[in-house]
Amino acid sequence: MKIIILKDSNELSKRAAQILANQIMVKPNSSIGLATGDTPLGMYKELIKLYLNNCIDFSRTTTFNLDEYYGLKPDDPKSYYYYMYNNLFKYVNIDYENVNIPNGICESIEDECNRYEKEIEKAGGIDLQILGIGRNGHVGFNEPDANFEAKTHIIHLKEDTILANSRFFTSPNEVPKKAISMGIKSIMRSRKILLLAKGIEKATAIFQTVNGKITPQVPASILQLHPNVTLILDLEAASLL
Ligand code: GLP
């Protein structure tokens, strides 16, 4: 694992955006795996700035989001589709034909999960996957007790994740209890992985990811087996390393 520790979230966002922009410059038709949550927001802002300065061209880029809440429509302000549209896609020249996000209101979960995996395959796999991390070590929505063999599937969210994510809703009761997420296997197949973490509440999860034993109890610990992972951390998230 390569670990980059930067002084704050501004530096983290800039560095992450530079790595992503470089990937697209070197391979304009890259497939990029995208994450949601608070952590990558600054990176998306930096990417928009790079785009407005003519430093990045998304026209041939394909994106795959890690996950979506089950039951939320794309135009629901809490959905990850809405998040991506409002924090990145509407500001850049991405072709919507090349945007992939699990459909939270699909009729058949099984068909939707199979369809999503096929789309990743058709795109030739994911070149660079961006990840955040949950306080309990989850990646995407792969919660503790994760099945390391899983591809895209439906997940029952743990109480801690529902509580953590309730900051984006008016109350914990409003947070959907299930999500469709790329599985650990789908994530591990990416050629490169960039995991971003900031803040003291991620320090234990980061310590366990880097130094702990590889266990389904800390889903991100499986990244120790990936040949090309970079962690970009702020000082607080790195404070136990
Ligand atoms: C959600 C997302 C994850 C994200 C995590 C951490 O659970 N499904 O992909 O990594 O939140 O989010 P934050 O960056 O807001 O702490």
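Two strands are taken to pair if DSSP finds at least two bridges between them. The legends below describe a predicted model.

**View 1. Strand 8 with its antiparallel partners, strand 4 and strand 7**. Strand 4, residues 67–69, runs antiparallel to strand 8, and 3 bridges join the two. Asp67 stands opposite Ser181 of strand 8. Strand 7 is also antiparallel to strand 8, with 4 bridges between them. Here His156 has Lys178 in strand 8 as its bridge partner.

**View 2. The open sheet of 7 strands**. Its strands pair in parallel and follow the order 1-10-9-6-2-3-5. The edges are formed by strand 1 (2–6) and strand 5; each has a single partner strand, so one side of each lacks a neighbour in the sheet.

**View 3. The pairing of strand 1 with strand 10**. Strand 10 covers residues 229–234, and 5 bridges link it to strand 1 in the parallel sense. Within this pair, Ile4 lies opposite Ile232 of strand 10.

**View 4. Helix 4, residues 109–122, from end to end**. The helix has 14 residues, and at 1.5 Å a residue it should span 20 Å. The C-alpha atoms at its ends are 20 Å apart, in agreement with that expectation. Just after helix 4 comes Gly124, whose phi is positive, at about 85°.

**View 5. The buried and exposed residues of helix 4**. Glu112, Cys113, Tyr116 and Ile120 are the buried residues of this helix. Viewed down the helix axis, the buried residues fall within an arc of 100°, so they line one face of helix 4. Turned away from that buried side is a face with the exposed residues Glu110, Asp111, Lys118, Glu121 and Lys122.

**View 6. The packing partners of helix 4**. The buried residues of the helix pack against four strands and a helix: strand 3 (62–65), strand 5 (99–100), strand 7 (153–156), strand 8 (178–181) and helix 6 (184–188). Two of these partners, strand 7 and strand 8, are themselves joined by 4 bridges. Strand 3 and strand 5 both belong to the open sheet, and strand 5 stands at one of its edges.

**View 7. The residues around the ligand**. The ligand is surrounded by 14 residues. The closest are Ala35, Gly37, Asp38, Thr39 and Gly132. Sorted by class, the shell holds 8 polar, 4 nonpolar and 2 charged residues.

Key
Residues are numbered from 1 along each chain as its sequence is written. This is a predicted model: local features need pLDDT of at least 70, side-chain atom pairs count only at pLDDT 80 or more; totals for chains, interfaces and linings use all residues. A residue is near a molecule or strand if its C-beta atom, placed from the backbone, lies within 6 Å of it. Ala, Val, Leu, Ile, Met, Phe, Trp, Tyr, Cys and Pro count as nonpolar, Asp, Glu, Lys and Arg as charged, and the others, Gly among them, as polar. The expected span of a helix is 1.5 Å times one less than its number of residues. A residue is buried if 20 or more other C-beta atoms lie within 10 Å of its own, exposed if 12 or fewer, and partly exposed in between; C-beta atoms are placed from the backbone. The arc is that of the directions from the helix axis to the C-beta atoms. Two residues are in contact if their C-beta atoms, placed from the backbone, lie within 7 Å.
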